[in-house]
Amino acid sequence: MKTRITELFGIKYPIIQGGMVWASGWRLVSAVSNAGGLGLLGAGSMYPEVLREHIQKCRKATDKPFGVNIPIMYPDIDKLMEIIIEEGVKIVFTSAGNPNIWTSILQKENIKVAHVVSSSKFALKAQNARVDAIVAEGFEAGGHNGREETTTMALIPSVKQNVSIPLIAAGGIATGRGVFAAMALGAEGVQIGSRFVATEEASSHINFKKRVLETNEGDTMLTLKELAPVRLLKNPFYEQVLELYYKGEASPENLKILLGRGRTKKGMFEGDLVEGELEIGQIASVINKIQPVSEVFQEIIEEYNVALSELNKIGKFK
């Protein structure tokens, strides 16, 4: 399959692995890139020198393209960007901030830049900032999200009619049929997060991976809009968050106090399913086994081709 996304990043399949905090280390990233997709290191949970270490280990583990996902609001953003440039990374996905700040600086270093957005308004701003591609993420996604709660099904066609640069769909995509649907809506590639959390190579804790397998429809909720919207698995910590809302006490200050420091690390990396923050997308309800990345790719590609064949049999409207 060839799209503007495969050509832009030099990859076989238009499948990007989301740069998830506490899950997207060098093992996962190199496995995704070796399978023909684009692996992204999750710099949002890495100190600068840790990022450097993961870049170097990733380069030893794959000769295929890989990149780094970095939230622009990260406190050590200058140091992270300096390391990305020093280490010769050629692909960066930015999120959670203004793409005007870093896009031209990175592109001067021959780095391809994609920016994650949650609305057509921000997609246009990203295009005006001259990013190379846009990731439009619906509110089904895990991790940080849009306040508008626009679904991927509605967001992708809207963004598609408003921008001309390559478009990547994200949010609620984990299967070959999901990839097919996203492409039918106008995307030229997909970004998949939750499915890769439950892989053997992901650095997320085994307790968290097993909890993902138990997830049913309705077990996640978008919350913390007063800070930055995030989709959480319901657990005792989530109930503490919910209690603040019930009491009318969910001010930014009170939510920050409750969150404290290292809450996502505690849940996703250290495996504390009681007090930890567990970020995952709605599509977790269809994930039912822990697999190697190579097997995930095989299943996605086979299912995509089946969906394509089935649609061809139905035929076109006349």
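The following conversation goes through a predicted model of one chain and asks on what grounds its features are named.

Colleague: What should I know about the numbering and the filters before we start?

Modeller: Residues are numbered from 1 along each chain as its sequence is written. As this is a predicted model, local features need pLDDT of at least 70 and side-chain atom pairs count only at pLDDT 80 or more, while totals for chains, interfaces and linings use all residues, and side-chain values use heavy atoms, with hydrogens and water left out.

Colleague: How many helices and strands are there in the chain, and what makes a run count as one or the other?

Modeller: The chain has 14 helices and 11 strands; these are DSSP runs numbered from the N terminus, with H or I over at least four residues for a helix and E over at least two for a strand.

Colleague: Why is the chain called as compact as a globular protein of its length?

Modeller: The globule rule, which is 2.2 Å times the number of residues to the power 0.38, is set against a radius of gyration taken over C-alpha atoms. For 318 residues the rule gives 20 Å and the chain has 19 Å, which is close, so the chain is as compact as a globular protein of that length. Along the principal axes, its C-alpha atoms fill a box of roughly 55 × 50 × 35 Å.

Colleague: What share of the residues counts as buried, and what share of the contacts joins residues at least 24 apart?

Modeller: Buried means under 20% relative accessible area, exposed means over 50%, and partly exposed lies in between, with a 1.4 Å probe and protein chains only; on that scale 55% of the 318 residues count as buried. A contact means heavy atoms within 4.5 Å, and among contacts between residues at least 6 apart in sequence, 62% join residues at least 24 apart.

Colleague: Why is the ring pair of Phe9 and Phe93 called tilted?

Modeller: A pair of aromatic rings is described by the distance of the centres and the angle of the planes. Rings of Phe, Tyr and Trp (its six-membered ring) pair if their centres lie within 6.5 Å, and planes under 30 degrees apart count as stacked, over 60 as edge-to-face and the rest as tilted. The structure holds 5 such pairs. For Phe9 and Phe93 the centres are 5.6 Å apart and the planes are at 40°, so this pair is tilted. Phe9 belongs to helix H1 (residues 4-9) and Phe93 to strand E4 (residues 91-95), so that the pair links parts of the chain 84 residues apart, and both residues are buried.

Colleague: What makes the pair of Trp22 and Phe269 a tie between distant parts of the sequence?

Modeller: This pair is also tilted, at 5.2 Å centre to centre and 40° between the planes. Trp22 lies in the loop between strand E1 (15-17) and helix H2 (26-34), whereas Phe269 lies in helix H13 (residues 263-269), so the pair ties together parts that are 247 residues apart in sequence.

Colleague: How do you know whether Trp22 and Phe269 are buried, exposed or partly exposed?

Modeller: Trp22 has a relative accessible area of 18% and is therefore buried, while Phe269, at 35%, counts as partly exposed. Trp22 also has a phi near 65°, a positive value in a residue other than glycine.

Colleague: Where is Arg130 found, and why is it called exposed?

Modeller: Arg130 is found in the loop between helix H6 (120-128) and strand E6 (133-137), and it is exposed because its relative accessible area is 65%. Its phi, near 70°, is a positive value in a residue other than glycine.

Colleague: Why does Thr94 count as buried, and what does it touch?

Modeller: Thr94, in strand E4, counts as buried because its relative accessibility is 2%. Not counting residues up to four places away in sequence, Thr94 touches Ile70, Ile72, Met81, Val113, Ala114, His115 and Val116.

Colleague: How do you know that Gly67 is buried and that Lys60 is exposed?

Modeller: Gly67, in strand E3 (residues 66-71), has 0% relative accessibility and therefore counts as buried; leaving aside neighbours within four places in sequence, Gly67 is in contact with Leu38, Gly39, Leu40, Leu41, Val89 and Ile91. Lys60, in helix H3 (residues 48-61), has 77% and therefore counts as exposed.
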